[in-house]
Amino acid sequence: QVQLVESGGGLVQAGGSLRLSCADSGRTFNGNALGWFRQAPGKEREVVAAITWGGGRAHYADSVKGRFTISRNNANNTLYLQMNSLRPADTAIYYCNVVDYYTDAPVFGSWGQGTQVSVSS
C-alpha cells in the first residue's frame, strides 16, 4: 500500500523559500527513484524534479532549474524539495511519487493529499 504524505507548503511572497517534505510510511521508497510533481488550477499535473535511489543524480523541469533542489534521506524514508526564489507561477499543489527516472512517469496511480504552495506577487 502506497503511503506517501507531503508537507511543508504554505503562503509566501515572491522571492521567498519553502522546503517540502514527503514521508514514506509504507517502505515505498526502497530502491526507487522519486519525483516531485505539481498541479496548478486548471492545468495538468507536471513533473518538477526527480532523483535516483542513491541520490547521485537528479534532473529538473526547465521552469525550476537553479531555484529548486531535490534531495532524499533514505535512512528516514523522506524526500525533500527546497524551493528558493519562488514565483507566483509556482503556485500549485505539490505531490511526490515513485517515478521512472528516465521518463518521469509516475509509478503509482494513486496520489497523496499533496501540499499547497501559494506564492503572492
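**View 1. Contacts across the whole protein.** Among contacts in the protein between residues at least 6 apart in sequence, 56% join residues at least 24 apart. What you're looking at is a predicted model. Buried residues make up 40% of the protein's 121 residues. About 6100 Å² of the protein is exposed, and carbon and sulfur atoms supply 48% of that.

**View 2. Strands from end to end.** Look for helices here and you'll find zero; the protein has 10 strands instead. Its radius of gyration is 13 Å, close to the 14 Å that the globule rule gives for 121 residues, so the protein is as compact as a globular protein of that length. Along the principal axes, its C-alpha atoms fill a box of roughly 40 × 25 × 25 Å.

**View 3. An open sheet of four strands.** The strands line up in the order β1-β3-β8-β7, and their pairing is antiparallel. At the edges stand β1 (4-7) and β7 (68-73); each has a single partner strand, so one side of each is left without a neighbour in the sheet. On average, neighbouring strands of this sheet are turned by 15° against each other, direction ignored.

**View 4. Zooming in on β7 and β8.** These two strands run antiparallel, and six bridges join β7 to β8 (residues 78-83). To pick out one bridge, start from Asn 73: its partner in β8 is Thr 78. As background, strands of a sheet pair through backbone hydrogen bonds.

**View 5. Arg 38 and its acidic partners.** Arg 38 meets Glu 46 in a salt bridge between their side chains, at 2.8 Å from N to O. Arg 38 also forms a salt bridge with Asp 90, where the closest N and O atoms are 2.9 Å apart. That second pair links distant parts of the chain, with Asp 90 in the loop between β8 and β9 (92-99) and Arg 38 in strand β4 (residues 33-39), 52 residues apart. How buried or exposed are these three? Arg 38 has 6% relative accessibility, so it counts as buried, and Asp 90, at 1%, counts as buried too. Glu 46 has 37% and counts as partly exposed.

**View 6. The salt-bridge network and a pair at the surface.** The whole structure holds four salt bridges. Shared partners join Arg 38, Glu 46, Arg 67 and Asp 90 into one network. Another of the salt bridges brings together the side chains of Lys 65 and Asp 62, at 3.1 Å from N to O. Both Lys 65 and Asp 62 are exposed.

Technical notes: Residues are numbered from 1 along each chain as its sequence is written. This is a predicted model: local features need pLDDT of at least 70, side-chain atom pairs count only at pLDDT 80 or more; totals for chains, interfaces and linings use all residues. Side-chain values use heavy atoms; hydrogens and water are left out. Two strands pair if DSSP finds at least two bridges between them. Axes are lines fitted to C-alpha atoms, for helices over the stretch in contact, and angles run from 0 to 180 degrees between N-to-C directions. The radius of gyration is taken over C-alpha atoms; the globule rule is 2.2 Å times the number of residues to the power 0.38. Buried means under 20% relative accessible area, exposed over 50%, partly exposed in between (1.4 Å probe, protein chains only). Contact means heavy atoms within 4.5 Å. Accessible areas come from the Shrake-Rupley method with a 1.4 Å probe; for residues, only the protein chains shown count as cover.
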